[in-house]
Amino acid sequence: MNKKLWLEVEKQIISKKPICLYDFSDREGETDVVYVGQTLTAKDVDFLRRDVGGPLSIYVSGQFLEKFGILPFSKFIKEKVTDGPLRKLVESNRGHDPRFAISIDARDNFTGCSMIETAHTINSLYDLVSKTDQVSNGKLADIFVENFISPGHVPIIPSAENLLKERKGHVELSITIAKIFNIPEIIVAGELIDPDSLKSMNRRTAEKFAQEYNFPFITGEDVLNKVGL
C-alpha cells in the first residue's frame, strides 16, 4: 500500500482540491477529475467544464437516493415499464452498466446552467447528504423536493449497493475513497477529455495532466489495495 500517495490524497481533500482517478486498463481505461466529499466554488465548476472537458456529474451513495425512492434510470425502466419500446433504451450493448439516475437543479436557481448556479445546486445537495444521519428518511425526502427540481443541469449517478464488490466503476471507487476518510459520500466529477483528439484522455496523458496541476493520480488498483480487495 502506497502510504505516501494516500497522504497526498488526504491533504488534497482537506485543501478542497481534486484528485485524478483512473479506473482500470481492462475496464474503461479513463480518468476522472474528482472532488471528494466537499463543496465547490463557481471557479471549480468552470475548471471542470473548461479544462477537464467531460460532462460534470455528481456521484452519491445508492442507499442515499433509495431513501427517496430514486433508482438508476435503467433499473427504473426495467421495474416500471413491463412492455413497449422504452425497455430497449436500457438494453446496453457496451459491456458496462451506466448508472445515471435523475438530473437536478436547486429550486431557487433561475435556469441552473451558469457556473454560479451549478455550484449552488452541488452545494445544496452536499448539505443534504451531510444531514443523512441526522433526520428521518421522510424528512430527507421532504427537504429534497423542497430544495430541488428535476430535470435539471446536474446529473446524479448513484453507486452500486455493495460498491466495489459489485461494480468497479468511478462511482464506486470515489464513494469508497469518501468512506476511507469518513467524509460525506458525495463526489463531483468530470472525465478528462484530450483537447487534441477530443476523445477520452489516455492514462499517460492524464498522468501528465495530474503532474501539471499537482493533483495526486490514483488508480482503481490503489483503492482496491487500500480496502483489501
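**View 1. T219 in strand β7.** Let us start with T219, which lies in strand β7, a strand covering residues 217–219. This is a predicted model, and in it T219 has a relative accessible area of 10%, so it counts as buried, the cut-off being under 20%. Which residues is T219 in contact with, once its neighbours within four places in sequence are left aside? They are L21, Y22, D23 and R203. One of these partners, D23, gets the next view to itself.

**View 2. D23 in the loop between β1 and β2.** Here we move to D23, found in the loop that links β1 and β2. Is D23 buried or exposed? With a relative accessible area of 1%, D23 is buried. Not counting residues up to four places away in sequence, D23 touches E28, G29 and E30, and also H170 and L173. The list of its contacts is completed by T219, G220 and E221. K168 is also worth finding in this view: 145 residues separate D23 from K168 in sequence, yet their C-alpha atoms are 7.7 Å apart in space.

**View 3. Strand β2 and its two sides.** Now for the strand that follows this loop. Strand β2 takes in residues 31–36, and 6 of its 6 residues are buried, so the strand is largely enclosed by the rest of the structure. Which residues of β2 point one way, and which the other way? T31, V33 and Y35 make up one set, while D32, V34 and V36 make up the other, and all are buried. As background, side chains in a regular strand alternate between the two faces of the sheet.

**View 4. The strand partners of β2.** Strand β1 (residues 19–22) is joined to β2 by 4 bridges, and the two run antiparallel. Within this pairing, L21 stands opposite D32 in β2. Strand β6 (residues 186–191) is also joined to β2, here by 5 bridges, and again the arrangement is antiparallel. Which residue of β6 is the bridge partner of V36? That residue is I187.

**View 5. A178 in helix α7.** For this close-up we turn to A178, which lies in helix α7 (residues 170–180). The relative accessible area of A178 is 0%, so this residue is buried. Setting aside neighbours within four places in sequence, A178 is in contact with V36, I183, P184, E185 and I187. Two of these names may be familiar from the previous view, where V36 and I187 are bridge partners. Q38 can be picked out here as well: it is 140 residues from A178 in sequence, with a C-alpha to C-alpha distance of 9.8 Å.

**View 6. Stepping back to the protein as a whole.** To place the close-ups, here is the overall picture, with 9 helices and 7 strands. The radius of gyration is 17 Å, close to the 17 Å that the globule rule gives for 229 residues, so the protein is as compact as a globular protein of that length. The C-alpha trace spans about 45 × 40 × 35 Å along its principal axes. Of the 229 residues, 48% are buried. Among contacts with a separation of 6 or more, 72% are between residues 24 or more positions apart. The exposed area is about 12200 Å², with 49% of it supplied by carbon and sulfur atoms. As for charge, there are 29 positive and 33 negative side chains, and the centres of these two sets lie 2 Å apart.

Note on methods:
Residues numbered from 1 in each chain as written. Predicted model: local features only at pLDDT ≥ 70, side-chain atom pairs only at ≥ 80, totals over all residues. Heavy atoms only, no water. Rg over C-alpha atoms; globule rule 2.2 N^0.38 Å. Buried < 20%, exposed > 50% of the residue type's maximum accessible area, 1.4 Å probe, protein only. Contact = heavy atoms within 4.5 Å. Areas by Shrake-Rupley, 256 points an atom, 1.4 Å probe, with all protein chains shown as cover. Lys, Arg positive; Asp, Glu negative; His and termini not counted. Charge placed at Lys NZ, Arg CZ, Asp CG, Glu CD. Pairing = 2+ DSSP bridges.
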